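Student: Could you take me slowly through a close look at one part of this structure, and explain the terms as you go?

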Amino acid sequence: MLENSIFFILALFLVGGSIGMISFRQSVFSAISFLLAMIAMSGMFALLHFSFLFLAQILVSVGAVVVMSLLIIVSVNIKSENLPNDKLTLKRFTLSAILISPIVALLFYAINKTDLMFKEVNEEFGSLKLMGVDLFSNWALAFEIISILLLVALVGGIVISKRSSNYESR
Amino acid sequence: MSTLAIVVTLGSIVLAALLALLMIPVLVWLERRVAGLIQDRLGPNRTNVGGFRLGGVVQSFADVVKLVFKEEYYPSHIKSGKLLFTLAPTIMFVSALLAFMTIPFADNVNIAGESFRVQALPVDYGVLWFMAISSIGVIGILFGGWLSHNKYSLLGAQRAGSQLLGFELPLGLSVIAMVITYESVDFNVMVDYQSGVLFGFLPAWGVLIQPLAALIFIITMFAETNRAPFNVVEGESEIIAGHMTEFSAMKFAMYFMGEYIAMNTASAVIITMFFGGYQLPWLSTQDLFSNFSSVVVAIMVVMPIVIFFLIKWMKKNNSVRATLSSDGGRAFETKVLTIVLISMTALIELICLYLFTQSSDSLSATITITLLQIAIFVFKLMVFNIFFIIVRWTLPRFRYDQIQTLGWNYLLPLSLANIIITAIVVVGVN
């Protein structure tokens with residue numbers, strides 16, 4: 001009962017935040033809607049006892065993506081009178097509704113077909129330890145390739161920034 | 001859930017809330033007194049309630065009363081987003097407060113076959129929780145700066161965001177090096193690891209095992225909390241008060257208090273990861289339990305000595321010049337505080353005597369050692385808070401480009417190299 005009510009509150013925030021993100025004109029309100037949606041999503045993972053995804057969601061989506069987009073909003077600082085004047089008209093709404101209707105139908109069909117009674121997982125499911133063991137035993141190669149890719153990007157960023165500072169001092 | 005579990009959990013939550021919230025007035029007072037000490041003046045010491053000054057702590061409560069009764073002022077040019085404008089300081093305050101909640105204040109308490117964590121939030125991923133939640137705080141600064149519609153605020157917010165991005169990476173990488181060393185993301189396991197002995201004579205503190213990671217971590221913590229020398233965010237000689245320029249009354253106070261809570265949280269994480277947390281150096285919890293009677297005797301010996309010097313110091317300093325006719329109740333305050341301190345010491349001595357002669361049950365030993373560890377934790381926390389304050393009043397503010405260069409060009413490569421060295425050593429030893 002309690003879990004259900006928490007789930008519905010989180011779902012409300014998630015749906016509301018997602019709608020707000022695409023419908024607000026000012027980008028900063030879109031950003032806070034996105035923040036709300038992401039926190040609600042991590043709350044859902046916490047509700048499922050999936051502590052790894054809960055933390056990763058906050059670390060990556062909130063701590064990096066939202067902060068990065070906000071930083072860009074603050075740096076660009078668009079005034080509301082400079083925004084393009086496009087309103088959500090009925091014509092556009094109908095057209096987009098028709099365009100996405102096959103995907104909605106497909107989703108509806110898929111959900112209807114799915115057997116909604118899942119078997120219960122054990123107590124340890126989703127803990128950091130199991131996640132780490134799984135990553136390093138079943139997905140070791142993919143994990144290592146991604147980490148080397150990120151490391152190269154990181155080092156490349158430092159090298160480029162160092163070169164440009166040398167250029168300035170010349 | 002047994003009564004015992006409820007008592008321990010409630011106790012931890014109350015302790016965490018007290019350590020985070022009650023620390024704010026104390027830290028504001030300490031900041032001003034230490035600044036006075038460094039600049040060869042006194043700092044606030046006049047405000048009193050019925051003659052009681054407590055060295056000036058009462059000033060902080062007077063400040064709070066002033067801020068609460070101040071007019072709530074909204075700049076007239078803020079047309080949209082007034083709610084968010086009010087909410088922005090709260091985001092920073094709450095995130096700093098929540099990040100404090102996974103710090104262990106004492107070792108796991110074992111009572112009647114059950115083990116309880118002395119954390120407000122009893123989870124086993126403390127470091128990740130701290131990093132995830134503390135990164136939300138800057139969102140409050142960015143929103144506040146943008147919604148103020150003010151060039152100074154905007155600059156402050158922009159500086160806060162880019163400073164955080166530059167220092168989040170070295171912070172994360174130095175934490176990874178420590179996680180490789182401790183083989184856990186659990187704060188309690190980290191403290192356990194540090195209660196051992198290194199090379200036979202040194203305490204196995206993180207700062208001695210990984211000096212480079214400790215240095216990087218402490219520097220990035222200064223940058224994350226926007227404390228001097230990294231306070232370009234509010235650099236008052238350049239951009240007034242940065243993101244706080246348009247905030248007044250309690251909205252400003254929320255930002256202000258959030259900064260102090262963040263500083264307190266940073267100190268707590270530093271001592272937990274690098275300075276042995278709640279443990280005494282060289283001694284683990286097992287040692288304390290097996291030598292319980294000597295621990296009690298040590299408390300009985302140390303306590304009166306500390307109180308004696310405290311009273312002597314208070315009698316010397318809590319006075320006015322001899323030429324003044326009235327001392328404003330300082331002699332009375334000293335007298336009352338002396339009586340309180342002596343009776344408190346006598347009570348503790350009596351309890352210790354009882355424990356030394358009578359006790360043989362494990363419950364009283366557990367409670368005593370838990371309280372002792374909490375006291376050690378608070379002592380270390382205060383030492384590190386004072387370290388933060390001394391650094392703020394000693395070093396000048398760094399320039400913005402110097403901070404970015406430090407973060408990206410020096411700390412990041414150093415922390416990457418540190419990870420590689422740590423991994424090689426750990427694999428080599430195993």
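Tutor: Let us begin with a term: a residue is called exposed if 12 or fewer other C-beta atoms lie within 10 Å of its own, and buried if there are 20 or more. Please keep in mind throughout that this is a predicted model. A:Phe108, which is found in helix 4 (residues 90-113) of chain A, has 10 C-beta neighbours inside 10 Å and therefore counts as exposed.

The part to examine closely is the pairing of two helices in chain B. Two packed helices are described by the angle between their axes and the distance between the axes. For helix 2 (residues 23-38) of chain B and helix 16 (residues 362-394) of chain B, the axes come within 10 Å and cross at roughly 45°, which means that helix 2 of chain B is oblique to helix 16 of chain B. The crossing of helix 2 of chain B with helix 16 of chain B is right-handed. On the side of helix 2 of chain B, the residues that take part are B:Leu27, B:Leu30, B:Glu31, B:Val34, B:Ala35 and B:Ile38, and they meet B:Asn385, B:Ile386, B:Ile389, B:Ile390, B:Trp393 and B:Thr394 in helix 16 of chain B. Sorted by class, this contact has nine nonpolar, two polar and one charged residues.

Elsewhere in chain B, B:Asn226 lies in the loop between helix 10 (211-224) and helix 11 (236-239), and B:Asn226 is buried because 25 other C-beta atoms lie within 10 Å. Although B:Asn226 is not a glycine, its phi is positive, at about 55°.

Notes
Residues numbered from 1 in each chain as written. Chains lettered and ligands numbered in written order. Predicted model: local features only at pLDDT ≥ 70, side-chain atom pairs only at ≥ 80, totals over all residues. Helix = DSSP H or I, 4+ residues; strand = E, 2+ residues; numbered from the N terminus. Axes fitted to C-alpha atoms, helices over the stretch in contact; angles between N-to-C directions. Parallel < 35°, antiparallel > 145°, perpendicular 65-115°, else oblique. Left-handed = near helix turned anticlockwise from the far one by under 90°. Contact = placed C-beta atoms within 7 Å. Nonpolar A, V, L, I, M, F, W, Y, C, P; charged D, E, K, R; others polar.
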